[in-house]
Amino acid sequence: MGAPGSDPPVEEREIQKKEEGEEREGKGNKEEEKEEEEGKVRDVEKGEMGYAESVEEKVVVEKNDNNIHGDQRGFNASMLRTLNPTNPLRIAINGGRTRVAAPTRVAASRFATPSQPRSTPTPTSQISLTTLNSRRYTNKTSLFIFVLHMVAAVALVGFLVFKGIQGLLVASDSTKRKEKRVLQYFLPQVEAASLLSITLAFAWQKAVTVWPQFMVHFILWSSFFMSLSVGILLICFQKPPTDGVGVCFIAFAIGNGLYACWVNQRIGFCTKILMKSLQPVSKFPDLNQPTYWMLGAGFTWMSLWILAVVGALNFYVPPLIIIALVLSLAWTTEVMRNVVNLTVSRVIALYYLRGMQPSTQFCFQRALTKNLGSACLGSLFVPAIEALRIVARGLNVLEGEDEFMFSCAHCCLRVMESIFRYGNGWAYVQVAAYGKGFVKASQDTWGLFERQEMECIVDSDMTSALCFLTGVCSGSICVIVVAAWTAKVHLPFTATVSLLAFFVGYLMTRIAMALPHACVSCYYACYAENPENRLFDSTIKDHLSLIKASRDVIVPTPRVPHQFNT
């Protein structure tokens with residue numbers, strides 16, 4: 001992390017050198033194609049220095065004359081040494097002051113062979129001039145809004161912590177008793193949930209990295225059993241608040257179980273992609289460091305945030321303030337997660353696209369500075385877009401043949417699909433690699449998927465759902481521990497403490513699971529950009545072939561049977 005005036009890091013210089021070479025080569029290819037169309041190409045490598053006006057005008061070289069032959073070879077060699085670096089087809093003589101005359105269009109047409117087809121550059125020769133070393137800041141407006149939000153959040157948290165201390169020291173006796181009760185029966189449980197969640201976050205990430213094949217099945221069904229256990233436990237307390245929360249957990253568990261059964265046919269391909277995408281992780285021993293830094297920052301901020309929630313109980317309209325604190329914490333931790341996502345995405349994308357092993361520290365610094373605005377914008381809109389997309393799909397599932405009740409189901413789904421094109425989680429790969437804005441990166445990445453006909457594969461990918469269910473499982477474990485503890489010491493706080501424990505456990509685990517999620521996203525996005533890369537095998541290609549041949553099962557959107565539509 002050098003000073004602003006210091007030399008750029010090694011990987012930045014390497015990227016710059018490669019891109020300068022590619023730019024020169026791309027310019028040469030473009031000029032070559034232009035000159036071929038005009039019939040002015042002179043094939044230097046074959047020794048052809050110009051065109052003759054006719055066959056009779058060919059220059060006959062006397063091979064017996066050694067001096068002339070030596071001069072001719074020296075002339076040819078000197079001309080090859082003075083090739084124009086930007087266009088090898090142009091020859092500069094005497095320091096670039098003289099050029100070999102280009103043939104006229106008539107001479108070129110006489111010399112051209114009609115039976116020989118004109119060479120056309122292949123698509124692989126079209127070098128992309130998009131830089132991998134962009135130094136501009138992306139989505140500056142979103143970055144400004146997030147910084148302004150953080151300043152307001154820090155001020156609010158500081159003020160509420162002060163109010164909590166003030167209520168404990170100088171308030172009335174009733175307020176002091178209330179503060180002591182909250183500190184005694186509320187604060188320890190939530191702090192314990194924070195410690196437990198950070199431990200579970202490390203455990204989940206390590207387990208998914210080491211045993212991906214086993215963990216796919218384990219995550220699907222452990223989240224089902226854990227959420228169901230939480231619901232049953234809370235209902236057993238026989239209090240209206242805990243009963244309501246318990247019913248929500250049971251309903252979620254039922255949906256989780258149905259989802260696990262529904263995607264059973266996708267598990268094989270998802271596991272294979274997850275295993276292959278995690279293979280480059282072993283080449284970067286320090287790739288987990290950004291996750292450690294973000295988890296440490298998240299734990300510190302959550303500890304202060306919990307104290308602010310306690311202080312909000314002694315201020316005006318506590319419910320509104322607590323809701324504002326919850327939304328602020330959700331956005332902040334989502335930005336932390338996407339900072340890890342951007343860091344890992346740049347490291348893995350440079351490995352796939354250029355075969356480089358960049359510095360994780362430099363990529364982390366870049367994610368915290370130049371690409372932070374895209375992380376803020378994506379963190380604000382992508383969860384909402386994906387949630388609304390799920391709702392639209394749910395309406396499409398329930399629609400069946402009842403046109404009266406769900407006449408807008410297809411319309412809602414199409415609208416959400418259109419919005420999804422302009423904001424999706426796949427965009428972080430191109431944001432990290434090329435420094436594009438979030439909306440532009442979303443469009444370009446989805447365009448690559450469409451060009452390779454990969455929409456059905458990436459749309460049915462389970463990685464995002466697995467990361468979400470991992471957070472649910474961690475939150476459920478925290479609820480089981482904290483709810484049992486709180487019910488033993490102070491039962492009225494059980495529902496509130498359970499919700500906070502679930503929220504904290506879920507957010508911390510999502511930060512840790514950003515690493516495998518980013519690896520899978522890079523595998524898909526970089527494959528779509530260059531399917532012929534030697535680092536990719538035929539897994540996706542074979543799967544696409546099976547889908548086109550109707551030999552692979554793509555789980556359709558379930559419909560309500562006709563007999564149940566009345």
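Buried here means under 20% relative accessible area. The views below are of a predicted model.

**View 1. Salt bridge between Arg389 and Glu417.** The side chains of Arg389 and Glu417 form a salt bridge with an N to O distance of 3.1 Å. The pair links distant parts of the chain, 28 residues apart: Arg389 belongs to helix H13 (residues 372-399) and Glu417 to helix H14 (residues 409-422). Arg389 has a relative accessibility of 9% and therefore counts as buried. Glu417, at 27% relative accessibility, counts as partly exposed. Together with Asp459, Arg389 and Glu417 are linked in a network of salt bridges.

**View 2. Salt bridge between Arg337 and Glu334 in helix H11.** The closest N and O atoms of Arg337 and Glu334 are 2.6 Å apart. The two residues are separated by about one helical turn because they lie three residues apart in helix H11. Both Arg337 and Glu334 are buried.

**View 3. Salt bridge between Lys436 and Asp444.** The side chains of Lys436 and Asp444 meet at an N to O distance of 2.7 Å. Lys436 counts as buried because its relative accessibility is 16%. The count of salt bridges in the model comes to eight; among them are the Lys436 and Asp444 pair shown here, the Arg337 and Glu334 pair of the second view, and the Arg389 and Glu417 pair of the first.

**View 4. Nonpolar surface patch that includes Leu327.** Tyr316, Val317, Leu320, Ile323 and Leu327 make a nonpolar patch on the surface, with an area of about 590 Å². One of these residues, Leu327, is placed in helix H11, which spans residues 318-354. Leu327 has a relative accessible area of 58%, so this residue is exposed. The cut-off for that class is over 50%. Helix H11 also holds the Arg337 and Glu334 pair, whose members are buried.

**View 5. Surroundings of Thr509 in helix H19.** Thr509 is part of helix H19, made of residues 494-512. With a relative accessibility of 0%, Thr509 counts as buried. When neighbours within four places in sequence are left aside, Thr509 is in contact with Ser197, Ala201 and Trp204, and also with Thr470, Gly471 and Ser474.

Technical notes: Residues numbered from 1 in each chain as written. Predicted model: local features only at pLDDT ≥ 70, side-chain atom pairs only at ≥ 80, totals over all residues. Heavy atoms only, no water. Patch = residues over 30% accessible without salt bridge, like charges linked within 9 Å, V, L, I, M, F, W, Y side chains within 5 Å. Areas by Shrake-Rupley, 256 points an atom, 1.4 Å probe, with all protein chains shown as cover. Salt bridge = Lys/Arg side-chain N within 4 Å of Asp/Glu carboxyl O. Helix = DSSP H or I, 4+ residues; strand = E, 2+ residues; numbered from the N terminus. Buried < 20%, exposed > 50% of the residue type's maximum accessible area, 1.4 Å probe, protein only. Contact = heavy atoms within 4.5 Å.
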